[in-house]
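Got the viewer open? Let's take a short walk through this one, a few selections at a time.

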Amino acid sequence: MHNKAVIITGHTSGLGAELAKLFEARGYMVVGVSRSRATTAGSRIHIQGSVADPHTIDQVVTEISRRGLIVEALINSAGIGNFGPVGDYTAAQISDVIDSSLTGPILLTNAIVKMWNQVKQDSGYIVNILSTAAFTARGGEAVYCAAKAGLKMFGDALRLQMKGSPFTVINIMPGGMNTPFWSGDPKASSFMSVSDVALIILQSFDSRPTALVTDIVVNRRG
Ligand SMILES: NC(=O)c1ccc[n+]([C@@H]2O[C@H](COP(=O)([O-])OP(=O)(O)OC[C@H]3O[C@@H](n4cnc5c(N)ncnc54)[C@H](OP(=O)(O)O)[C@@H]3O)[C@@H](O)[C@H]2O)c1
C-alpha cells in the first residue's frame with residue numbers, strides 16, 4: 001500500500017490520464033477527480049463529481065485522511081474549452097469553463113493547503129495546468145483565457161504567500177495537445193502528444209535544493 005499520493009483532477013482523459021499513469025509508475029497512489037463514472041485502473045482512487053462542488057472537495061479530503069495518505073502534489077488538470085464569441089454562450093457553458101479551470105482549482109487548493117498546514121507537512125506542490133491562453137489573448141476564447149489567466153494570477157499570488165514555507169506552485173502553460181479536449185477536430189492531430197508534455201511536467205518535480213521551477217511554457221515544434 002502506497003501512502004504517498006498525488007491528486008489529479010481530470011485524470012480520466014488527456015493530459016490528466018497520462019500524468020496519472022506516470023505517477024502510478026513512480027509508486028504514487030493517484031486520487032483522481034472527474035465528473036464521469038470512471039473505471040478505476042489498478043488501485044487508483046476515483047472521486048466522482050465536479051471539482052467546483054464543495055461536496056466533491058470534502059470527499060477528497062475525507063478519503064485522504066481515512067487512508068492516511070501523504071499528498072505530495074495537487075495537479076489541477078481538469079479543464080473544458082467551450083470556445084466561441086461572447087454573446088453566443090449559454091450561462092451553463094460559461095460556468096463549465098470557469099468551474100473546471102478557476103473556481104474548482106481554487107476550492108481544492110484551499111482545502112489541500114489547509115490540510116498540509118494542519119499535518120505540518122514538509123513539502124508540497126500545487127501544479128496548475130494552464131495554457132498559453134493564460135498570457136496570450138485569443139479572439140473566440142475570451143472565457144477560457146479569463147479562467148486560465150485568473151488561475152495563473154491565483155497561483156502567482158499563492159506562491160508569494162508560500163515563500164519561506166515548504167510548499168510552492170508550478171504553472172504549466174502548454175500549447176495545443178492532441179486530446180479529447182478538441183472533440184475530434186482534425187487539426188488536433190498535428191498537436192503535441194500528452195506523453196511528451198507529461199514527461200516535461202514530471203521533470204519539474206526534480207527541482208534542485210536551491211533552484212525551483214515556477215513556470216513552464218511548452219510549445220509545439222514547427
Ligand atoms: N488539449 C489542449 O490543446 C490543451 C492546451 C493547453 C492547455 N490545456 C489544458 O490542459 C488541461 C487538460 O486538458 P486535456 O486536453 O487533457 O482535456 P481532456 O482530454 O478533455 O480532459 C479533461 C478532463 O477534465 C475533466 N473535467 C472537466 N470538467 C471537470 C470538472 N468540472 N470537474 C472535474 N473534472 C472535470 C474531464 O472529465 P469529466 O468530463 O468526466 O469531468 C477530463 O477528465 C485542461 O486544463 C486544459 O484546459 C489543454
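Serine 183 is our starting point, so select the loop between β6 (167-174) and α5 (194-203), where this residue lies. Keep in mind as you click around that the model is predicted. Check the backbone torsions here: serine 183 is not a glycine, yet its phi is positive, near 45 degrees. Is serine 183 buried or exposed? Count the other C-beta atoms within 10 Å and you get 8, so serine 183 is exposed; the cut-off for that label is 12 or fewer.

Next, jump to lysine 120. You'll find this residue in the loop between α3 (91-119) and β5 (124-129). Lysine 120 is another non-glycine residue with a positive phi, this one about 50 degrees. Lysine 120 counts as exposed because it has 7 C-beta neighbours inside 10 Å.

Now select the ligand and bring up its surroundings. How many residues surround the ligand? There are 32, and the closest are Gly10, Gly14, Arg35, Ser36 and Gly79. Colour by secondary structure and look for α1 (14-25), β2 (29-34) and α3, the elements that each give two or more residues to this shell. Which of them gives the largest share? That's α3, with four residues, and you have just been next door to it: lysine 120 sits in the loop between α3 and β5.

Last stop: recolour the ligand shell by residue class. You should see 18 polar residues, twelve nonpolar ones and two charged ones.

Definitions and conventions
Residues numbered from 1 in each chain as written. Predicted model: local features only at pLDDT ≥ 70, side-chain atom pairs only at ≥ 80, totals over all residues. Buried ≥ 20, exposed ≤ 12 C-beta atoms within 10 Å, placed from the backbone. Near = placed C-beta within 6 Å. Nonpolar A, V, L, I, M, F, W, Y, C, P; charged D, E, K, R; others polar.
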